[in-house]
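Please open the structure in your viewer and keep the selection tool at hand. The tour proceeds one selection at a time.

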Amino acid sequence: GALGNFLGGIGPVLGVSAGDRVLAHTTTAFDISLLELLLPLTVGGCVVLASREVARDPQRLAELTAGTDYAQATPSMWRLLLE
């Protein structure tokens, strides 16, 4: 129930809706991966999966991110992406 409540509550806050493309690059060892993987599916959106190699390469991840509507990252990753 907690996951359903979380996804149902955060979806409207983030504004993720049908047709949106959400980047999933976080390892499944982190809880935020559930947001990346499941939230778009609950609203009719699309999950854009980054391979492990792409997720570890800021240039390639930036290129993949450019084709999405939503992406989340740590502050240090955002710095790398902006460079």
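Begin with helix α2 and its surroundings. The elements that cover the buried residues of α2 include α1 (2-14), β1 (21-24) and β2 (46-49). Please bear in mind throughout that this is a predicted model.

Next, select α2 itself, residues 32-43. Which of its residues are buried? They are Ser33, Leu35, Glu36, Leu39 and Pro40. An α-helix has 3.6 residues a turn, so residues three or four places apart point the same way. Now place a distance marker between the end C-alpha atoms of α2: they are 17 Å apart, which agrees with the 16 Å that twelve residues should span at 1.5 Å a residue. Just after α2, select glycine 44, whose phi is positive, at about 90 degrees.

Move then to α1, a helix of 13 residues. From its first C-alpha to its last, α1 reaches 18 Å, close to the 18 Å expected at 1.5 Å a residue. Glycine 15 comes just after α1, and it too should be inspected: its phi is positive, at about 80 degrees.

The interior is the next stop. Select Leu23, Val48, Ala50, Val54, Leu61, Ala73, Met77 and Leu81 together; these eight residues form the largest nonpolar core. A second core, separate from it, has five residues, among them Val16, Val22, Leu35 and Leu39. Leu35 and Leu39 were already met as buried residues of α2.

Return to one member of the largest core, valine 54. What does valine 54 touch, if residues up to four places away in sequence are not counted? Its contacts are Arg60, Leu61 and Leu64.

Now display the largest pocket, which has a volume of about 450 Å³. It is lined by 18 residues, and those closest to its centre are His25, Thr26, Thr27, Thr28 and Ala55. Helices α2 and α3 (52-55) each supply at least two residues of this lining. Colouring the lining by class shows nine nonpolar, seven polar and two charged residues.

Finally, select glutamate 63, which lies in helix α4 (residues 58-65). Is glutamate 63 buried or exposed? It counts as exposed because its relative accessibility is 52%, and the cut-off for exposed is over 50%. Add leucine 81 to the selection: 18 residues separate it from glutamate 63 in sequence, while their C-alpha atoms are 9.2 Å apart in space. Leucine 81 also belongs to the largest nonpolar core.

Key
Residues numbered from 1 in each chain as written. Predicted model: local features only at pLDDT ≥ 70, side-chain atom pairs only at ≥ 80, totals over all residues. Heavy atoms only, no water. Core = buried A, V, L, I, M, F, W, Y, C linked by side-chain atoms within 4.5 Å. Buried < 20%, exposed > 50% of the residue type's maximum accessible area, 1.4 Å probe, protein only. Contact = heavy atoms within 4.5 Å. 1 Å grid on protein atoms, 1.4 Å probe; cavity = no way out; pocket = protein on both sides within 12 Å on 5 of 7 lines; lining within 4 Å. Points joined across faces, edges and corners; volume = space filled by probe spheres on them. Helix = DSSP H or I, 4+ residues; strand = E, 2+ residues; numbered from the N terminus. Nonpolar A, V, L, I, M, F, W, Y, C, P; charged D, E, K, R; others polar. Expected span 1.5 Å × (residues − 1).
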